[in-house]
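Open the model in your viewer and keep the selection tool at hand. The stops below can be taken in order.

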Amino acid sequence: MANKQGLLGLSALAMGLLASPAALGAGEPGWYVGGSGAFSKLEDADNRSRTEGSVSPGTPGSCTIEIPGVLCVLPQPGDPPVVTPPGPQNSRFTFDDGFAVGLTFGYVFEGGLRPELSLGYAENDIETVELREGFPEQGTFAVDDARYQAIRLLGNLWYDIDLTDFYPYFGGGLGLQQTKLDGAGSADDTTVSYQLGAGVGIPLSDLWTLSVDYRYLVADNPEFQNDQNQPLESEYNNQTLGVGLRYALGTGFGGVDSDGDGVPDRKDRCPNTPKGVTVYADGCPTDQDQDGVPDYQDKCPNTPPGTVVNEVGCPVDSDGDGVPDFKDECPGTPAGVQVSANGCPLDADGDGVPDYLDQCPDSPAGQAVNAQGCPLTDSDGDGVPDNVDKCPDSPKGQPVGPDGCPLDSDGDGIPDYLDECPNTPPGLKVLPDGCAPVGDCRKPRGNEPVDARGCALDKRFILRGVKFELDSDRLTPQAQLILNDVADTLAAYPELKVDVEGHTDSSGTDAYNLGLSERRSISVKTYLTSRGVKDEALRPVGYGEANPIDSNDTEDGRENNRRVEFKVTAG
């Protein structure tokens, strides 16, 4: 018993420090000792015991009526002995919250591994006992002056995660525990125990470390003999939350300082600092202006915070205009261009175009200019300046897009103001009037009959732009280019058959105009077949001046009447 009390005395310091992080301030390798106190909580313990068997003596028989000395006429039987066999008993202990203390002795290795030997003591009072199966009286009863006491010796292995300012850890241990049931026979048992734990250590100085940690410990079921010498098998599952303090026994056990800057390698984030350079606590050279260039290399040591610097610590001047980037409002100025104090190229006429790009350096104040600094013009009056207008001759009054070209809502390549089928479905090949010969909807001309959708019933399509030399059936070069596209369109509709209709204005005699229109329709068919269109798909027809679509009293009207049309007859 004296040895047990000695163990209790030794364990007066460190249960919570069983796994505290690396000692020596910032985790420098070396030996350490420590101690702590902890809050201890025991889980409810299920107990198993047995009752002893017993024999109750019987009672002898008697005689109610007897012939003395001869015969018992009416005997009375006695009671036989009663035998009670042994049987199981089950009970449960609940525990009050208790305390734990302990001592540790260990060594910190480079890299974070930390073997340790720990000696600890824990105590929890028994609060209630619940008697269950096998007891003559069952129920839950309060208990006075009974407790579990545990003395344990463990070998632990922990791993410290070095975060410089604090040290999380995790690990576990294995050893022996002597568990004593005091107040119920003063029985004890020694069993194997093991634990898992985690915590965090906070260095207080180069020698002292404060730790806060949690562990879960299990001891193999202790077996006791109570004061009636009856066996009792119990359980031991313990949780602790502790605070501890550890002291480093000294340096020199592997604490290497390769660069001799006074910061051991384990803490040194810059382990190759040149000799004699002033460093911070983490071993890195000082950098007073925080520009990323250490003071011993910095040729511009007072750079404003946040400034981008070069390799010698001076502000960067990317464009070489003499104004550093952190002041330069125009950091991409070409080499050799004169700049103002803010690093931007000079602009003498204030038109927003710098002098080195300004082709009109004396533009009037307030005048809108193009990218070359010259006043803007809009030749076709469509609101898009000539310098960005891709269609500078757009017809007056026609809506245009941002590029200055007339709008083409259905994207078929024919601008809306010329498109007789402005809603052609995507993907259909169209004729020069913007209509697909099949599956499209042409706007009616004049009083033409229409279908329920408002589309012209007559499948006639003007080959806009197909013209001939004066009083001739010879196609103009521009007409040939248009017919090349027409041939491509017809190729997309291989089942299509059309009449190629020639029309003239009213100039000349009827007979002459009829012949001229027939020759012109034949000329169109001949050209198209030369471009791969099937001969049977085209039937030339001349109508002369019989079917005007405009007045013959004006030059524009006569121009409209001199035309070639397709009339779809099949497909």
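A residue counts as buried when its relative accessible area is under 20%. Select Asp-213 to begin: its relative accessibility is 2%, so Asp-213 is buried. The model you are looking at is a predicted one.

**Around Asp-213**

Asp-213 belongs to strand 14. Now add Leu-241, which lies 28 residues away along the chain. In space, the C-alpha atoms of Asp-213 and Leu-241 are 5.9 Å apart.

**The whole chain**

Zoom out and colour by secondary structure. The protein chain has five helices and 21 strands. It runs to 571 residues, and 40% of them count as buried. The exposed area of the chain is about 29800 Å², with 56% of it supplied by carbon and sulfur atoms. Take the contacts between residues at least 6 apart in sequence: 53% of these join residues at least 24 apart.

**Aromatic pairs**

Next, show the aromatic side chains. How many aromatic pairs does the structure hold? There are 12 aromatic pairs. One of them is made by Phe-93 and Phe-95, whose ring centres are 6.3 Å apart. The planes of Phe-93 and Phe-95 stand at 85 degrees, and the pair is edge-to-face. Is Phe-93 buried or exposed? Phe-93 has 9% relative accessibility, so it counts as buried. Phe-95 is buried too, because its relative accessible area is 8%.

Now select Trp-208 and Tyr-247. Their ring centres lie 4.8 Å apart and their planes meet at 50 degrees, so this pair is tilted. Trp-208 is in strand 14 (residues 208-219), while Tyr-247 is in strand 17 (residues 236-248), so the pair ties together parts 39 residues apart in sequence. With a relative accessible area of 38%, Trp-208 is partly exposed. Tyr-247 is also partly exposed, at 31%.

**An aromatic cluster**

Return to Phe-93 and Phe-95 and extend the selection to Tyr-148, Phe-224 and Tyr-236. These five residues form one aromatic cluster.

Keep Tyr-148 on screen and add Asp-182. The two are 34 residues apart in sequence, yet their C-alpha atoms are 6.3 Å apart in space. Asp-182 is placed in strand 12 (residues 167-182). It has 17% relative accessibility, so Asp-182 counts as buried. Which residues does Asp-182 touch, not counting those up to four places away in sequence? They are Asp-145, Ala-146, Arg-147 and Gln-149.

**A charge over a ring**

Select Arg-246 and Tyr-32 and show their side chains. The charged end of Arg-246 sits over the ring of Tyr-32, at 4.1 Å from the ring centre.

**Two crossing helices**

For the last stop, select helix 3 (residues 477-491) together with helix 4 (residues 510-530). Their axes come within 9 Å and cross at roughly 60 degrees. The crossing of helix 3 and helix 4 is right-handed. To see where the two helices meet, show side chains on both. From helix 3, pick Gln-480, Leu-483, Asn-484, Val-486, Ala-487 and Leu-490. These meet Val-524, Tyr-527 and Leu-528 in helix 4.

Technical notes:
Residues are numbered from 1 along each chain as its sequence is written. This is a predicted model: local features need pLDDT of at least 70, side-chain atom pairs count only at pLDDT 80 or more; totals for chains, interfaces and linings use all residues. Side-chain values use heavy atoms; hydrogens and water are left out. Rings of Phe, Tyr and Trp (its six-membered ring) pair if their centres lie within 6.5 Å; planes under 30 degrees apart count as stacked, over 60 as edge-to-face and the rest as tilted. Buried means under 20% relative accessible area, exposed over 50%, partly exposed in between (1.4 Å probe, protein chains only). Helices (H or I, at least four residues) and strands (E, at least two) are DSSP runs, numbered from the N terminus. A charge sits over a ring if NZ of Lys or CZ of Arg is within 6 Å of the ring centre and within 35 degrees of the ring normal. Contact means heavy atoms within 4.5 Å. Accessible areas come from the Shrake-Rupley method with a 1.4 Å probe; for residues, only the protein chains shown count as cover. Axes are lines fitted to C-alpha atoms, for helices over the stretch in contact, and angles run from 0 to 180 degrees between N-to-C directions. A crossing is left-handed if the near helix is turned anticlockwise from the far one by less than a right angle, and right-handed if clockwise.
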